[in-house]
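Good morning, and thank you for making time for this presentation. I would ask you to keep the sequence and the structure in view while I speak.

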Amino acid sequence: MAMPMQVSLDEILSMLLARVDGLALSDENSKSKFNIITRILYKKGIITDQDVIDSIREEHRMLKSLGLIAEEPEEDVVESIAANILQWIKGDVDALKKGMEEYEKKMQEAMNRQNQKPKIDVASPAVLQQLDRMGGKQGGSKLIL
């Protein structure tokens with residue numbers, strides 16, 4: 001009769017993390033392969049800038065028809081998506097770096113704005129009970145700070 005295999009939580013977590021790392025690496029490999037193949041097709045003139053724009057429009061038309069998005073993007077959004085894809089296809093490192101820096105800056109600004117918003121502190125039930133006791137009759141039984 002075989003004994004049941006015992007596995008510690010640490011071992012399970014290690015296996016899961018290794019699997020996630022493997023999937024992430026596989027995803028990066030797939031992206032790289034896609035970029036390489038697309039770059040070759042672009043350089044040979046099989047894919048054009050207009051093909052990319054048309055395909056973005058077609059993708060969004062399909063998504064809308066399937067009910068996955070409410071509306072198709074405006075033309076400026078389509079052009080922005082195409083510009084980003086074409087930067088990768090063309091290997092425009094300078095434009096990609098600039099875009100990443102701008103994105104990072106926007107994220108930092110958003111985080112700073114979030115940090116400046118007033119915070120609402122919620123008192124624990126024990127503190128509220130203590131305040132109720134201190135307030136007596138004139139304090140009222142429900143105190144909101």
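**Salt bridges, pockets and a nonpolar core**

D54 is partly exposed, with a relative accessible area of 33%. Please bear in mind that this is a predicted model. The partner of D54 is R57: the two form a salt bridge in which the closest N and O atoms lie 3.3 Å apart. R57 is likewise partly exposed, at a relative accessible area of 26%. Where do these two residues stand with respect to one another in helix α2? They are three residues apart in that helix, so about one helical turn separates R57 from D54.

Let me widen the view to the other charged pairs. Side chains of opposite charge can pair when their charged atoms come close. How many salt bridges does a search of the whole structure find? The search finds six.

One of the six joins K31 to E28, with 3.5 Å from N to O. Both residues belong to helix α1, and because they are three residues apart, about one helical turn lies between them. K31 has a relative accessibility of 43% and therefore counts as partly exposed. E28 is also partly exposed, with a relative accessible area of 42%.

A further salt bridge is found between E102 and K98, whose closest N and O atoms are 3.9 Å apart. The limit for a salt bridge is 4 Å, so this pair qualifies. Here the spacing in helix α4 is four residues, which again means a separation of about one helical turn. Is each partner exposed or partly exposed? E102 counts as partly exposed at 41% relative accessibility, whereas K98 is exposed, with a relative accessible area of 52%. The dividing value is 50%, and K98 is therefore placed in the exposed class. Returning to K31 and E28, I should add that salt bridges with shared partners join D27, E28 and K31 into one network.

I turn now to the pockets. Rolling a probe the size of a water molecule over the atoms shows where empty space is left.

The largest pocket has a volume of about 290 Å³. Which helices each supply at least two residues of its lining? They are α3, residues 75-90, and α4, residues 93-116. Helix α4 gives the largest share, with seven residues. Both E102 and K98, the salt-bridge pair just described, are in this lining, together with residues including N84, W88, M100 and Y103. By class, the lining is made up of six nonpolar, four polar and two charged residues.

The second largest pocket holds about 240 Å³ of space. Its lining draws at least two residues from each of α1 (9-43), α2 (49-65) and α3. Among the lining residues are F34, R39, V52, I56, N84, W88 and I89. N84 and W88 thus appear in the linings of both pockets. The lining of the second largest pocket divides into seven nonpolar residues, four polar residues and one charged residue.

Next, the interior. Which residues make up the largest nonpolar core? There are eight in all: Y42, V52, I53, I56, V78, A82, L86 and I89. Helices α2 and α3 each supply at least two residues of this core, and α3 contributes the largest share, four residues. V52, I56 and I89 belong to this core and also line the second largest pocket.

I89 deserves a moment. Setting aside neighbours within four places in sequence, I89 is in contact with T38, R39, Y42 and V52. Of these, Y42 and V52 are members of the core, while T38, R39 and V52 are in the lining of the second largest pocket.

Let me also point out a histidine in helix α2, namely H60. Is H60 buried or exposed? With a relative accessible area of 17%, H60 is buried, because the buried class covers values under 20%. Residues up to four places away in sequence are not counted in its contacts, and H60 then touches I69, E72, P73 and I81.

Finally, a word on distance along the chain. S14 is found in helix α1 and is partly exposed, with a relative accessible area of 47%. The C-alpha atoms of S14 and D132 are separated by 50 Å, the two residues being 118 residues apart along the chain.

That concludes the presentation, and I thank you for your attention.

Conventions:
Residues are numbered from 1 along each chain as its sequence is written. This is a predicted model: local features need pLDDT of at least 70, side-chain atom pairs count only at pLDDT 80 or more; totals for chains, interfaces and linings use all residues. Side-chain values use heavy atoms; hydrogens and water are left out. On a 1 Å grid over the protein atoms alone, a cavity is a set of points where a 1.4 Å probe fits but cannot get out, and a pocket is an open set with protein on both sides within 12 Å along at least five of seven lines; lining residues have an atom within 4 Å of a point. Grid points are joined across faces, edges and corners, and a volume is the space filled by probe spheres set on the points. Ala, Val, Leu, Ile, Met, Phe, Trp, Tyr, Cys and Pro count as nonpolar, Asp, Glu, Lys and Arg as charged, and the others, Gly among them, as polar. A salt bridge is a side-chain nitrogen of Lys or Arg within 4 Å of a carboxyl oxygen of Asp or Glu. Buried means under 20% relative accessible area, exposed over 50%, partly exposed in between (1.4 Å probe, protein chains only). Contact means heavy atoms within 4.5 Å. A nonpolar core is a set of buried Ala, Val, Leu, Ile, Met, Phe, Trp, Tyr and Cys residues joined through side-chain atoms within 4.5 Å.
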